[in-house]
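This report introduces a protein chain to a reader who has not met it before. It begins with the division into domains, then turns to the overall form and the sheets.

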Amino acid sequence: MRKLHFLLDGDGILWRGSKTLPGAPEFLRFLRERGHGYSLVSNNSSRRRESVAAHLTERGLKLSAADVFNSNYLAGRYMSDHHAGDDILVLGQDELMQELQSWSLRVHRAEDLMPPDVLADPGLGIAPFAADKLAVNPTVVLVGIDTSVNWAKIVLACRLIEDGARLIATNRDYSFPAEGKYLLPGNGAVVAVLEGVTGADVTTLGKPETHLVELVEREKGVPRDLMVVVGDRLETDIELAHRAGIPSVLVLTGITPEPLARWPENQKPTFIARDLLELMSRFDEFFANATR
Ligand SMILES: [Mg+2]
């Protein structure tokens with residue numbers, strides 16, 4: 001049997017909210033015992049790979065920092081490959097800033113560029129945000145999930161983009177599931193505001209773009225023809241698989257609770273499993289499908 005490498009999505013596959021999903025620790029053990037590899041491939045930018053791994057280990061999910069390929073780590077790599085030496089405005093959580101700083105990038109928070117009174121109450125005047133009024137003029141705006149995003153930060157980001165700064169998004173997920181039936185606004189919702197105001201082209205780092213697949217290829221040395229995507233979201237996970245030319249498993253424990261009657265183009269999974277326990281029990285059937 002060929003040894004495959006599973007690119008596992010996190011939320012909706014290994015866990016949901018604060019709960020580890022049934023079968024997740026067993027599935028990882030099952031893969032290890034059979035010699036298959038795996039990585040977590042996630043659009044989340046809020047935590048560094050080390051803290052994701054520590055958190056998952058506490059939940060009984062055996063993953064090391066080197067197994068975590070999220071848009072936080074990808075942002076560090078990508079910005080260091082393409083924007084070393086450039087001034088970068090970052091909208092994002094503390095651990096995104098920390099990751100970027102660990103790559104010695106020239107990163108700035110809106111809070112560092114704007115006077116506190118303007119940040120607190122910018123009103124509708126735009127003069128304080130004019131590029132010639134700022135001590136530093138970032139030429140790149142990187143947007144990750146930022147739970148303290150506000151009007152002033154959005155105005156500043158738009159201002160820089162209108163002056164020619166490049167707009168980069170860690171991911172474009174419009175929403176993510178909260179506890180219960182509600183959705184929280186995702187990073188894509190803020191990116192859509194910036195895009196709508198400025199008309200700028202957006203460079204997206206996370207899924208369904210293939211940068212994370214390339215990173216696993218490069219860092220783990222896994223050839224693409226041994227990879228399988230396991231995910232719950234059609235427009236990120238399953239579309240990534242199509243773009244990268246690799247098979248996919250849709251698991252129905254997340255955002256897609258049942259198979260569709262008609263699949264959107266480029267979002268049809270290779271295999272569908274109710275949960276990871278079913279994927280294990282039907283593994284031979286899946287394997288025949290995935291390696292055809
Ligand atoms: Mg998911």
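In this predicted model, the chain is divided into domain 1, made of residues 5-43 and 208-290, and domain 2, made of residues 84-204. The C-alpha centres of domain 1 and domain 2 lie 31 Å apart. Where the domains meet, domain 1 contributes 6 residues to the contact and domain 2 contributes 6 residues. The side of domain 1 that touches domain 2 comprises 1 nonpolar, 3 polar and 2 charged residues.

**Overall form**

The chain contains 12 helices and 15 strands. Its radius of gyration is 20 Å, close to the 19 Å that the globule rule gives for 292 residues, so the chain is as compact as a globular protein of that length. Along the principal axes, the C-alpha atoms fill a box of roughly 65 × 40 × 35 Å. Of the 292 residues, 43% are buried. Among contacts between residues at least 6 apart in sequence, 65% join residues at least 24 apart.

**The two sheets**

Two open sheets with parallel pairing are set out below.

| Strands in sheet | Strand order | Average twist between successive strands |
|---|---|---|
| 5 strands | E7-E6-E8-E9-E12 | 30 degrees |
| 6 strands | E5-E4-E1-E13-E14-E15 | 25 degrees |

In the sheet of 5 strands, strand E7 (106-109) and strand E12 (202-204) stand at the edges; each has a single partner strand, so one side of each is left without a neighbour in the sheet. Strand E8 (residues 140-143) pairs with strand E9 (residues 166-169) in the parallel sense, over 4 bridges. Within this pairing, Val 143 stands opposite Ala 169 in E9. Helix H8 (residues 187-198) packs on the sheet and touches E8, E9 and E12. The direction of H8 makes about 150 degrees with that of E8.

In the sheet of 6 strands, the edge strands are strand E5 (68-70) and strand E15 (271-273), each of which pairs on one side only. Strand E1 (residues 5-8) and strand E13 (residues 227-231) are joined in the parallel sense over 4 bridges, and Leu 7 has Val 229 in E13 as its bridge partner. Helix H10 (residues 234-244) packs on this sheet, touching E13 and strand E14 (248-251). The direction of H10 makes about 165 degrees with that of E13.

Technical notes: Residues numbered from 1 in each chain as written. Predicted model: local features only at pLDDT ≥ 70, side-chain atom pairs only at ≥ 80, totals over all residues. Pairing = 2+ DSSP bridges. Axes fitted to C-alpha atoms, helices over the stretch in contact; angles between N-to-C directions. Contact = placed C-beta atoms within 7 Å. Domains from an automatic or database assignment. Nonpolar A, V, L, I, M, F, W, Y, C, P; charged D, E, K, R; others polar. Rg over C-alpha atoms; globule rule 2.2 N^0.38 Å. Buried ≥ 20, exposed ≤ 12 C-beta atoms within 10 Å, placed from the backbone.
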